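I wanted a short set of notes on ring contacts, strand pairing and unusual backbone spots. The entries follow in the order I looked things up.

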Amino acid sequence: MCSGFDPALLARIEDAGINASAPAQQRWIDGWLVRYSPGKAKRTRCIQAVASGRMTVADKLAHCLPIYAAAHLRPYVRITPFSLPEGLDDALEAAGMERVDDTRVMVAREIATVLAANAGKLQERDATDAIDAAGFVDWIGAARGASAEERRAHLDLVERSPVPHHALLLRDGAGTAVAGGQVVVEADIAGIYSVFTVESARGRGHAGAVCLALLRCAAAKGARVAYLQVDAVNTGARKVYHRLGFADGYAYHYRTPPAG
């Protein structure tokens, strides 16, 4: 974990992230939350190792891996600073599982501070409109080239979520949606998800504007702290989030068996 943040706050953020990505397709197996949604995001189709349980790691995998085989999904184990049992990452590496998708959870300690520091940007941008779940999933699915199955899984996740999702689109002067995103609010914690800008409109500050609009929505619903998840190698996005006032909270990655 990175210095500067209360570990208890980061643990709450990790819990909020797990709740925000809860699919219908999941089972509890000896302390591990086994998710096997056909959706695009790995966090909805991975093992969340949240408790030690009683079995050995090898025995747990023997129970979990057939679930992914039956669902025709590649298995992933998400490794965070909170994963249990201790030494899990080393055990999976020793078992031959590959490390993939190094990710950073970035945190804004005070949403109000971020909004105040970027007040001018909020006023300069084109209009943002709230949109329902089905409309947002259709838009971002088309923009990303998601399959019909992935779109269905995304919509199912949002509509069945135990915590509310709110989506918006940013439109240019002609009324065309050029960027969008979602915010998930749980108590005083807001998670920013699915921020996306269409290729023809990139490099114009739209992603930052979407984030600010989502944070404004979250603040109106009582959120004080915000987090988001971004690939470690996505330096462009990380610069945008740093400029807004987000800082690295902690890192996570996945372990997966070799292809085939």
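**Entry 1, charges over rings.** I count a charge as sitting over a ring if NZ of Lys or CZ of Arg is within 6 Å of the ring centre and within 35 degrees of the ring normal. The model I am working from is predicted. I looked up Y76 and found K42 over its face, at 5.2 Å from the ring centre. I then looked up Y252, where the charged end of R78 sits over the ring, 3.9 Å from its centre.

**Entry 2, the tyrosine cluster.** Which residues do ring pairs link into a cluster with Y76? I noted Y252 and Y254 as the partners that ring pairs link with Y76. So both rings that carry a charge in Entry 1, Y76 with K42 and Y252 with R78, are members of the cluster.

**Entry 3, aromatic pairs.** I describe a pair of aromatic rings by the distance of the centres and the angle of the planes. The structure holds seven aromatic pairs. I wrote down W139 and F196 from among them: the centres are 6.3 Å apart, the planes stand at 75° to each other, and the pair is edge-to-face. W139 belongs to helix α6 (residues 133-144) and F196 to strand β9 (residues 189-197), so this pair ties together parts that are 57 residues apart in sequence. I checked accessibility for both residues and found W139 and F196 buried.

I went back to Y252 and Y254 for the geometry. Their ring centres lie 5.8 Å apart and the planes are at 85°, so I entered this pair as edge-to-face. Are these two tyrosines buried or exposed? Y252 has 3% relative accessibility and counts as buried. Y254, at 4% relative accessibility, also counts as buried.

**Entry 4, strand pairing of β5.** I followed strand β5 (residues 98-108) to its partners. Strand β11 (residues 247-256) runs antiparallel to β5, and eight bridges join them. As one position in this pairing I noted V105, whose bridge partner in β11 is Y250. β5 also pairs with strand β10 (residues 225-231), in the antiparallel sense, over six bridges. Here I noted T103, which stands opposite D231 in β10.

**Entry 5, backbone exceptions.** Most residues other than glycine have a negative phi, and most peptide bonds are trans. I looked for departures from this.

L84 and P85 are joined by a cis peptide bond, with omega about 5°. P85 is in the loop between β4 (77-79) and α3 (88-94).

D30 is not a glycine, yet its phi is positive, about 50°. I placed D30 in the loop between β1 (26-29) and β2 (32-35). Its relative accessibility is 16%, and D30 therefore counts as buried, the cut-off being under 20%.

H72 is not a glycine either, and its phi is positive at about 60°. I found H72 in the loop between α2 (57-70) and β4. Is H72 buried or exposed? With a relative accessible area of 72%, H72 is exposed.

**Entry 6, one helix residue.** I looked up A220, which is in helix α8 (residues 206-220). Its relative accessible area is 69%, and A220 is exposed. I took the distance to A179 as well: 21 Å from C-alpha to C-alpha, with the two residues 41 apart in sequence.

Notes: Residues numbered from 1 in each chain as written. Predicted model: local features only at pLDDT ≥ 70, side-chain atom pairs only at ≥ 80, totals over all residues. Heavy atoms only, no water. Phe/Tyr/Trp six-rings, centres within 6.5 Å; stacked < 30°, edge-to-face > 60°. Helix = DSSP H or I, 4+ residues; strand = E, 2+ residues; numbered from the N terminus. Buried < 20%, exposed > 50% of the residue type's maximum accessible area, 1.4 Å probe, protein only. Pairing = 2+ DSSP bridges.
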